Amino acid sequence: FKIKEINIYNSSVSITGAVIENCVKYGIRINFFYYSGRPIAHFISPALNGTIYTKRMQYEAYKNKVGVEISKKLIIGKIKNQQNSIKYFIKNKEEGTVEKDNLRKMNILINEIEKINFNNIESARGFIMEKEAEAAKLYWESVKLLVAEHYEFKNREYRGTNCLFNKMLNYGYGMLYSKAWGMIELAGLDAFAGFMHSENKKAKGLILDFVEEYRAIVVDRVVI
């Protein structure tokens, strides 16, 4: 088999100049990570020109329908995973509960997103994010009901929250974000060039886009 890359997650590991030289010679990338998965540094061989091609395709997708389709799939995936998490916890509840009514409403939002046809993400972003926000409102309303016996959870709060439930969510999202950052770097993509999250030039927009689909099943379900 052929070694394509070497990933190092331990700060105690050392690597010789001879190994680095051979990795460069044979086009093997060396990656150093924190335990959290966040990248520290990369040694990249000049032979690895696939990274440039990948980035060019990523930037081009922002300008055409590919970016719209990527964003649709990410947000639809997010909503479906939110639905799956709710379904997991209401399996034994009778028909007619608020949660099941919210699930039906979320299906309508998914159908609306699937039907859109825009030429680029700049045109589509407002509509998609509006539907995402509507779905999020339904989802967190359902989560509030699910955890009512155990937590005083009123709504989503971010940094500086005193709510234990929100603290656990925020911590979990931080871990997920770090893992996603590492994987996006390894894929040769530009972490700053997002589709849905592209307004804040300091934020790593593509990571924020990528983690949306996994929040509910990786973090929320565990915390709930």
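The largest pocket here comes to about 800 Å³, and keep in mind that this is a predicted model. A second pocket follows at about 260 Å³. Beyond the pockets, a search of the whole structure turns up 8 aromatic pairs, and there are charged side chains sitting over rings too, Lys204 over Trp181 and Arg215 over Tyr173.

**The largest pocket**

- Its lining is made up of 26 residues, and the ones nearest the centre are Arg156, Tyr158, Tyr173, Leu208 and Arg215.
- Five helices each put in at least two lining residues: H3 (65-89), H5 (121-146), H6 (164-186), H7 (205-212) and H8 (215-223).
- H5 provides the largest share of that lining, with 6 residues.
- By residue type, the lining of the largest pocket splits into 13 nonpolar, 9 charged and 4 polar.
- Two of the residues nearest the centre, Tyr173 and Arg215, also pair up with each other: the charged end of Arg215 sits over the Tyr173 ring, 4.7 Å from its centre.

**The second largest pocket**

- This one, at about 260 Å³, is lined by 15 residues, with Ile70, Leu189, Phe195, Leu206 and Phe210 closest to its centre.
- Helices H2 (50-63), H3, H6 and H7 each give two or more residues to the lining.
- H3 gives the most to this pocket, with 4 residues.
- The lining of the second largest pocket counts 12 nonpolar residues, 2 charged and 1 polar.

**Aromatic pairs and a cluster**

- Among the 8 aromatic pairs, Tyr88 and Phe89 meet edge-to-face, with 5.0 Å between ring centres and 90 degrees between the planes.
- Both partners count as partly exposed: Tyr88 has a relative accessible area of 42%, and Phe89 comes in at 29%.
- Phe210 and Tyr214 have ring centres 5.4 Å apart, and their planes are at 45 degrees, so that pair is tilted.
- Phe210 is partly exposed at 33% relative accessibility, and Tyr214 is partly exposed at 30%.
- Phe210 is worth picking out on screen, as one of the residues closest to the centre of the second largest pocket and a partner of Tyr214 in the tilted pair.
- Tyr139, Trp140, Tyr151, Phe153 and Phe165 come together as one aromatic cluster.

**A charge over tryptophan**

- Lys204 lies over the face of Trp181, 4.4 Å from the ring centre.

Note on methods
Residues are numbered from 1 along each chain as its sequence is written. This is a predicted model: local features need pLDDT of at least 70, side-chain atom pairs count only at pLDDT 80 or more; totals for chains, interfaces and linings use all residues. Side-chain values use heavy atoms; hydrogens and water are left out. On a 1 Å grid over the protein atoms alone, a cavity is a set of points where a 1.4 Å probe fits but cannot get out, and a pocket is an open set with protein on both sides within 12 Å along at least five of seven lines; lining residues have an atom within 4 Å of a point. Grid points are joined across faces, edges and corners, and a volume is the space filled by probe spheres set on the points. Ala, Val, Leu, Ile, Met, Phe, Trp, Tyr, Cys and Pro count as nonpolar, Asp, Glu, Lys and Arg as charged, and the others, Gly among them, as polar. Rings of Phe, Tyr and Trp (its six-membered ring) pair if their centres lie within 6.5 Å; planes under 30 degrees apart count as stacked, over 60 as edge-to-face and the rest as tilted. Buried means under 20% relative accessible area, exposed over 50%, partly exposed in between (1.4 Å probe, protein chains only). A charge sits over a ring if NZ of Lys or CZ of Arg is within 6 Å of the ring centre and within 35 degrees of the ring normal.
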